[in-house]
Amino acid sequence: MAQAASKTCEICVSASGSHYCLECEQYFCENCKGFHKRQRVTKHHQFQSSSDVIPEGKSKCKDHNEDVSFVCNTCNVAVCSSCVTGSHSGHAFSKLLDSISQLKETNTTDLRSKVHEATQNMKQIEEGLKAFDVKVEGIVKAITEEGTKIKTMVDKCISEKIASVKDQSRKERDKLTKLLEDTQMDLKAGRDLDKKIHELNKTRNDGKLLQSLQKLTDYIAKLTVKPIPEFPNIQYTAKSATDNDVKQLFGNYIISEMRTQQTMNRERELPSPKSDNKQEVNPKERGRYLYRCNKCG
């Protein structure tokens with residue numbers, strides 16, 4: 001950009017070439033531009049500020065010292081016209097500028113898609129985290145309210161139950177927090193790559209830019225966005241009890257663990273429990289045992 005701004009007028013070769021004619025591909029000063037626009041043949045030529053002109057540059061083929069203007073799609077390298085009819089004869093080719101434009105468009109589209117997906121995932125995780133906190137606090141409140149109805153002898157049991165809820169729910173909350181942090185890192189990585197694309201768009205179209213775009217393509221391909229898991233849930237089931245069994249005065253809470261897509265896939269592959277494993281309970285002992293549902297846990 002600085003080089004383009006310091007160009008000298010190519011007509012009078014004295015004043016600063018602050019204007020660039022797109023049709024003539026020449027730099028003009030203010031006076032020469034006015035003269036150029038007054039000519040019948042060139043009066044419709046379009047100008048732009050020379051500071052906006054990205055200096056064009058072409059890489060040289062190391063084998064033939066010619067301008068590199070093609071891409072060998074078979075070998076995935078930039079080549080010159082002599083390479084096309086020489087060592088790369090019979091290969092598939094495309095124009096260098098076309099390949100660069102296609103890579104720019106592909107990288108921008110893919111990156112924006114992943115950044116959008118990561119942004120949406122982060123919002124859902126934040127909402128799930130808030131909802132889970134509300135449910136946890138609701139369970140804590142339910143245990144506390146039930147405990148206040150019980151006499152002083154059960155105060156210790158109340159504290160133990162609440163501590164247990166908070167301890168286990170904290171583990172699941174930590175998992176959600178970790179997932180949120182990972183998603184934020186994915187989003188940051190995506191934004192960093194977006195900035196890199198913006199920087200590369202300002203560089204000249206040459207072999208070096210092609211290599212940079214190819215590397216950027218690999219980075220974007222490696223950028224992963226973690227899917228939204230099934231959020232943990234917490235439930236509390238109240239039950240009746242007597243003064244002789246303080247611990248049984250309180251219901252049981254259930255906190256489902258955060259399950260990722262991989263976890264749910266593994267659970268589907270596990271064999272169903274056989275009916276032979278069922279335990280018979282003596283009728284006199286019925287009501288003394290707790291059972292676990294095989295489906296919901």
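**Exercise 1. How many helices and how many strands does the chain have?**

Solution. This is a predicted model. Start with the count of elements. The chain holds seven helices. Beside them come eight strands.

Next, take the chain as a whole. It has 297 residues, and 29% of them are buried. Its accessible surface is about 20,500 Å². Carbon and sulfur atoms account for 49% of that surface.

Last, look at contacts between residues at least 6 apart in sequence. Of these, 56% join residues at least 24 apart.

**Exercise 2. Find the order of the strands in the open sheet that contains E1, and say which strands stand at the edges.**

Solution. Step one: read the order. The three strands run E2-E1-E3, and their pairing is antiparallel.

Step two: find the edges. Strand E2 (26-28) and strand E3 (47-49) each have a single partner strand, so one side of each lacks a neighbour in the sheet.

Step three: add the twist. From one strand to the next, it averages 35 degrees.

Step four: look at one pairing in detail. Strand E1 (residues 19-21) is joined to E3 by three bridges. Here His19 stands opposite Ser49 in E3.

Step five: place the helix. Helix H2 (residues 30-38) packs on this sheet and touches E1, E2 and E3. The direction of H2 makes about 110 degrees with that of E2.

**Exercise 3. Describe the open sheet that contains E4, and find the helix that lies across E4 and E6.**

Solution. Begin with the order. It is E5-E4-E6, with antiparallel pairing. The edge strands are E5 (77-79) and E6 (93-95), and each pairs on one side only. Neighbouring strands are turned by 35 degrees against each other on average, direction ignored.

Now go to the pairing of E4 with E6. Strand E4 (residues 70-72) and E6 are linked by three bridges in the antiparallel sense. Phe70 has Lys95 in E6 as its bridge partner.

Then turn to the helix. Helix H4 (residues 96-148) lies across E4 and E6. H4 runs at about 80 degrees to E6.

**Exercise 4. Strand E8 has a covered face and an uncovered one: which residues belong to each?**

Solution. Strand E8 covers residues 252-255. Sort its residues by face. Tyr253 and Ile255 make the covered face. Asn252 and Ile254 make the uncovered one.

Then find the partner strand. Strand E7 (residues 234-237) pairs with E8 over four bridges, in the antiparallel sense. Asn252 of E8 stands opposite Thr237.

**Exercise 5. Decide how many disulfides the model contains, then check Cys24 and Cys83.**

Solution. Recall the bond first. A disulfide is a covalent bond between the sulfur atoms of two cysteines. The cut-off needed here is a pair of cysteine sulfur atoms within 2.5 Å. By that rule the count is zero.

Check Cys24. The nearest cysteine sulfur belongs to Cys21 and is 3.6 Å away. Cys24 is in no disulfide.

Check Cys83. Its nearest cysteine sulfur is that of Cys61, 3.5 Å away. Cys83 is in no disulfide either.

**Exercise 6. Are Cys24 and Cys83 buried, partly exposed or exposed?**

Solution. The step needs two limits: buried means under 20% relative accessible area, and exposed means over 50%. Cys24 has a relative accessible area of 28%, so Cys24 is partly exposed. For Cys83 the value is 3%, so Cys83 is buried.

Methods: Residues numbered from 1 in each chain as written. Predicted model: local features only at pLDDT ≥ 70, side-chain atom pairs only at ≥ 80, totals over all residues. Heavy atoms only, no water. Pairing = 2+ DSSP bridges. Helix = DSSP H or I, 4+ residues; strand = E, 2+ residues; numbered from the N terminus. Axes fitted to C-alpha atoms, helices over the stretch in contact; angles between N-to-C directions. Contact = heavy atoms within 4.5 Å. Buried < 20%, exposed > 50% of the residue type's maximum accessible area, 1.4 Å probe, protein only. Areas by Shrake-Rupley, 256 points an atom, 1.4 Å probe, with all protein chains shown as cover.
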